[in-house]
Amino acid sequence: MAIDVGLHLTSPDGAARRASHTRIWFQLKGIHTATLPLEDFEAKPQVAVRVQLEQLKFWFASPEPIYLALYVEAANKFLVEDVRELVYRQWGEEFMVPTTFPDSQREVTVRIRTDAVLTPEVLSLMRRHQSMRIDGPFFRGRPLGHRLDPLRCSLARLNPAVYVKLVERLLAVHDYRVARSE
């Protein structure tokens, strides 16, 4: 899986800067002027970008914030949006449901808002993230790493054969050996 660049943000502390607890990641994309002229960019509320579905799922599930950053050559601007916000806006909680996308689908189109321009103020607001995502909803006083309500969600039951393979694999990875069988 790919993540292009990460930043360990600093927190202003008087005249000195100290490393904060915040790390953010960027997946970088770009659009040439020939593909998206300035007039077309200025006329649109969003810019469409094709990404690999498996990569988007990886970015979405990351415990640290990942931003999709799109450089628009014609406007000489970077557009940035939190991948989780993009996904929730387009697919909601159904994104990770196996039936949302056909098995044969390899790419999806995400739409980045044209007003989501990277500015020093936006970068400063990224400090609100924590190293582990705690900027979302809470359950029983603890931050959730996702937006699924544990009182209204349940795990799908695994096929018994898949469950057995999963347990066997976990035991093998941890070098579990049967000492005796009864």
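How many bridges join S4 to S5? The legends below address this and other local features of a predicted model.

**View 1. The hairpin of S4 and S5 in the predicted model.** Strands S4 and S5 run antiparallel and are joined by 6 bridges. S4 covers residues 66-72 and S5 covers residues 77-82. Within this pairing, tyrosine 71 has phenylalanine 78 of S5 as its bridge partner. Burial prevails along S4, where 6 of the 7 residues are buried. The hairpin has 4 residues between the strands.

**View 2. Backbone conformation at asparagine 76 and aspartate 175.** Most residues other than glycine have a negative phi. Asparagine 76, which is not a glycine, nevertheless has a positive phi of about 55°. This residue belongs to the loop between S4 and S5. Asparagine 76 counts as exposed because its relative accessible area, 57%, is over 50%. Aspartate 175 also is not a glycine and has a positive phi of about 55°. Its place is the segment after helix H5, which spans residues 160-173. With a relative accessibility of 47%, aspartate 175 is classed as partly exposed.

**View 3. Strand S3 and its partner S6.** S3 comprises residues 46-52, and its side chains alternate between two faces. Val47, Val49 and Val51 point to one face and are buried. Gln46, Ala48, Arg50 and Gln52 point to the other face and are not buried. S3 and S6 (residues 107-113) run antiparallel, with 7 bridges joining them. Opposite valine 47 stands isoleucine 112 in S6.

**View 4. The aromatic pair of phenylalanine 26 and tyrosine 67.** The model contains 7 aromatic pairs. One of them is formed by phenylalanine 26 and tyrosine 67, whose ring centres are 5.9 Å apart. The planes of these two rings form an angle of 35°, and the pair is therefore tilted, as its angle is neither under 30 degrees nor over 60. Distant parts of the chain are linked by this pair: phenylalanine 26 lies in strand S2 (residues 16-31) and tyrosine 67 in strand S4, 41 residues apart. Phenylalanine 26 and tyrosine 67 are both buried.

**View 5. The aromatic pair of phenylalanine 60 and phenylalanine 95.** The rings of phenylalanine 60 and phenylalanine 95 are arranged edge-to-face, at 5.2 Å centre to centre and with 65° between the planes. This pair, too, links distant parts of the chain, with phenylalanine 60 in helix H2 (residues 53-61) and phenylalanine 95 in the loop between helix H3 and S6, 35 residues apart. Phenylalanine 60 has a relative accessibility of 11% and so counts as buried. Phenylalanine 95, at 0% relative accessibility, also counts as buried. Both residues belong to a cluster in which ring pairs link Phe60, Tyr88, Trp91, Phe95 and Phe101.

**View 6. Helix H3, its ends and its packing.** H3 spans residues 83-90. At its N-terminal end, aspartate 82 acts as a cap, with a side-chain oxygen 2.9 Å from the backbone nitrogen of arginine 84. The buried residues of H3 are Val83, Arg84, Leu86, Val87 and Tyr88. These buried residues pack against H2, S4, S5 and S6. Among them, Tyr88 is also a member of the aromatic cluster that contains Phe60 and Phe95. Just after H3, glycine 92 takes a positive phi of about 65°.

Technical notes
Residues are numbered from 1 along each chain as its sequence is written. This is a predicted model: local features need pLDDT of at least 70, side-chain atom pairs count only at pLDDT 80 or more; totals for chains, interfaces and linings use all residues. Side-chain values use heavy atoms; hydrogens and water are left out. Buried means under 20% relative accessible area, exposed over 50%, partly exposed in between (1.4 Å probe, protein chains only). Two strands pair if DSSP finds at least two bridges between them. Rings of Phe, Tyr and Trp (its six-membered ring) pair if their centres lie within 6.5 Å; planes under 30 degrees apart count as stacked, over 60 as edge-to-face and the rest as tilted. Contact means heavy atoms within 4.5 Å. A polar contact is a pair of N or O atoms within 3.5 Å; within protein, one must be able to donate a hydrogen and the other to accept it, and residues adjacent in sequence count only if both atoms are side-chain atoms.
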